[in-house]
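Trainee: I have a structure open on my screen and would like to learn how to read it. Could you walk me through it?

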Amino acid sequence: MSSREFDGMLDELFRQALCPFAEAEPSVRVWRRVLHAVHPLSTGFEASVVQQVFTGLLAPAGLKALAGLSATFSRCLGSLSGLKRSNVTYVPLFSNRTYCVDRSGRCPTASFWDITWTQMFDLRLAS
Amino acid sequence: MSVESRLVRRLQSGDLTALGELFELFKDVVYRTALAITRDQHAAEDILQECFVRLYQYADSVDAERPLKPWLYRVVVNLSYDWFSRKPTLQPLDDVLDWLSALPNVLPSPDHKAEERELHKMVRDIVEELPMSHQAVVVLFYLENLSLEEVAEVVELPVGTVKSRLYYARKRLRDALAQRQRPVPEMTYEFT
């Protein structure tokens, strides 16, 4: 066997030995960690950024059809984040009653118990 | 303009979905390279994460017209260098070796394949014993199938140095094989 042939055999041996690494796949949690790490780098907590984050979160998992849902969710998050700053008026999904929530989280036009938990999870932004 | 270029441009304008799409495109390449160099699944995942965080942070310095892979390889190799400089003396290798031996299509389990498995493990051990800078060259050349010039570009060394590192790795393997072939000396016992 010539030196070149022998080197070729060694090359092949290296390739075969490293071959199992070609099958390796990272766990899905890495992408979430990336998002968690880059999120503070983006400025502010705007609804558009939240929407991008959630859309980005779903896209790699092949769930692009849920992008619309993530957009809705991000709008809810955006509206909830607004609670900290000012009064927000919203309408529960299956009700025509509006509620106004002040910055302390109270509802001046309705008692707290008028809002059921279902309604609280079905919030939609009125304006 | 290629898909990759468009994604980099979108990322440069702050589009996080572009980062997600780039992650999908390159996560396996980045992860397997990091795993082959570090032999540590947790370290490889950390490197994968940090690689894409840096891509997001330094997107503006990435040339969208050029392929992204060499840039990613360079970050992986540099992060692997960092990891090696910080890693504890004892490495958690058992998990990786268990995982490697559990791959049926690559390392079959029948008895007649046992010797082959042992040989492959020996080769991986030889790679692992190489200096880290040599390991990176071996992984990029043999696992990622980069050309000598491409490896040289990633590790920022002359092609001649890359060649000499590959030669050194082959020499180590050749010596190990010779050692393996050498018969165990027979011992004679004299009973008195």
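**Reading the interface and the fold**

Mentor: Let's start where the chains meet: chain B and chain A bury about 3800 Å² between them, and carbon and sulfur atoms give 74% of that area. Buried area here is the accessible area (1.4 Å probe) that two parts lose on being put together, summed over both. In chain B, the residues that lose the most area to chain A are L16(B), E45(B) and Y142(B), together 17% of what that side buries. Keep in mind that this is a predicted model, where local features need pLDDT of at least 70 and side-chain atom pairs count only at pLDDT 80 or more, while totals for chains, interfaces and linings use all residues. Residues are numbered from 1 along each chain as its sequence is written, chains are lettered from A and ligands numbered from 1 in the order in which they are written, and side-chain values use heavy atoms, with hydrogens and water left out.

Trainee: Why start with an area?

Mentor: The size of an interface is often given as the accessible area lost when the parts come together. You can also count residues: with contact meaning heavy atoms within 4.5 Å, chain B brings 45 residues and chain A brings 34 residues.

Trainee: How many salt bridges does the rule find across the interface of chain B and chain A?

Mentor: The rule asks for a side-chain nitrogen of Lys or Arg within 4 Å of a carboxyl oxygen of Asp or Glu, and it finds 5 across this interface. One of the salt bridges pairs R170(B) with D11(A), whose closest N and O atoms are 2.7 Å apart.

Trainee: What elements make up chain A, from the N terminus on?

Mentor: Helices (H or I, at least four residues) and strands (E, at least two) are DSSP runs, numbered from the N terminus. Chain A has 5 helices and 3 strands, in the order α-α-α-α-β-β-α-β.

Trainee: Which residues of helix α2 of chain A are buried?

Mentor: Buried means under 20% relative accessible area, exposed over 50%, and partly exposed in between (1.4 Å probe, protein chains only). In α2 (residues 29-38) of chain A, the buried ones are V30(A), W31(A), V34(A), L35(A) and V38(A). Seen down the axis of α2(A), they fall within an arc of 140°, so they line one face of the helix; the arc is that of the directions from the helix axis to the C-beta atoms. Over chain A as a whole, 35% of the 127 residues count as buried.
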